[in-house]
Structure formats: C-alpha cells, structure tokens
Amino acid sequence: MPCYRCGARQTDPVRGASPWKRGVRRETQVLICPDCQLLHDLDLDACGTCGSTALICRLGEVECRGCGAVRQARADAFVGSDAVAAGSGAPPGLSAEVEAALNRVLGRA
C-alpha cells in the first residue's frame with residue numbers, strides 16, 4: 001500500500017520499528033510515509049471522543065489508539081474518495097505493478 005499523499009511505496013524495512021505510520025482517512029486505513037508525516041495538515045479522520053488522529057480501521061470498525069473508543073465505519077464516507085480507484089479499493093496502477101513483480105519472480109518474459 002502506498003503513502004496516501006505522495007504515492008511512495010514502502011520498501012523492505014530495516015530492523016526496528018517502521019518509520020511509516022497508519023491513519024484513517026474517509027473511513028479507510030491509510031499509510032503515511034516519513035516525509036509526509038512532517039506535514040501538519042494530513043487531512044486524517046479524528047476521534048469523535050478525544051479528537052486524536054491515532055485511529056486504526058479494521059473489520060468495519062474504527063478504533064482510537066488514544067482513548068480506546070470504537071465505532072462502526074461509515075460505508076458511505078469513502079464513496080468517491082480520490083484514494084480509492086473506481087470502487088476497487090486498490091490504488092491506480094497497482095495491478096500492473098503486481099503483474100510486473102510476479103513476472104520478475106516467476107521468470108516470465
């Protein structure tokens with residue numbers, strides 16, 4: 001999954017904690033690269049209880065890592081999102097990148 005702001009792809013991590021961060025934007029889990037984390041306006045969803053942007057989205061729920069509040073994700077919130085390609089949930093060009101990677105690994109021409 002690429003950075004939702006700049007499209008940078010995560011590389012193989014070195015030992016230790018990843019410098020990439022998770023967030024929720026328009027009810028969808030996103031990754032934020034280290035460079036984009038320096039920006040102050042990331043346009044991330046915030047917790048309705050405590051206002052924290054330290055949210056995670058899983059199995060149709062959004063959980064706040066700050067206060068522990070859990071709520072159902074709104075399915076209509078991300079319709080038309082620029083982060084989601086034509087409703088498929090995959091960023092544009094991802095299928096071509098996956099195909100190229102498989103061809104390299106499997107030795108296809």
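The following legends describe close-up views of a predicted model.

**View 1. The largest nonpolar core of the predicted model comprises 10 residues.** Its members are C3, Y4, W20, V30, L31, I32, C33, C36, L42 and L44. Strand 2, spanning residues 28-32, supplies the largest share of this core, namely three residues. A second, separate core is made up of five residues, among them V24, C47, L55 and C64.

**View 2. Contacts of I32, a member of the largest nonpolar core.** With neighbours within four places in sequence set aside, I32 is in contact with C3, Y4, W20, K21, R22, G23, Q37, L42 and L44. Of these partners, C3, Y4, W20, L42 and L44 also belong to the largest nonpolar core.

**View 3. Helix 2, formed by residues 94-106, and the residue that follows.** Helix 2 contains 13 residues, and the distance from its first C-alpha to its last is 18 Å. This span is close to the 18 Å expected at 1.5 Å a residue. Just after helix 2, G107 adopts a positive phi of about 70°.

**View 4. The surroundings of V70 in strand 5.** Strand 5 covers residues 70-72 and includes V70. V70 is classed as partly exposed because its relative accessibility is 47%, a value that lies between the 20% and 50% cut-offs. When residues up to four places away in sequence are not counted, V70 touches E61, V62 and E63. V70 and I56 are separated by 14 residues in sequence, and their C-alpha atoms lie 9.7 Å apart in space.

Conventions. Residues are numbered from 1 along each chain as its sequence is written. This is a predicted model: local features need pLDDT of at least 70, side-chain atom pairs count only at pLDDT 80 or more; totals for chains, interfaces and linings use all residues. Side-chain values use heavy atoms; hydrogens and water are left out. A nonpolar core is a set of buried Ala, Val, Leu, Ile, Met, Phe, Trp, Tyr and Cys residues joined through side-chain atoms within 4.5 Å. Buried means under 20% relative accessible area, exposed over 50%, partly exposed in between (1.4 Å probe, protein chains only). Helices (H or I, at least four residues) and strands (E, at least two) are DSSP runs, numbered from the N terminus. Contact means heavy atoms within 4.5 Å. The expected span of a helix is 1.5 Å times one less than its number of residues.
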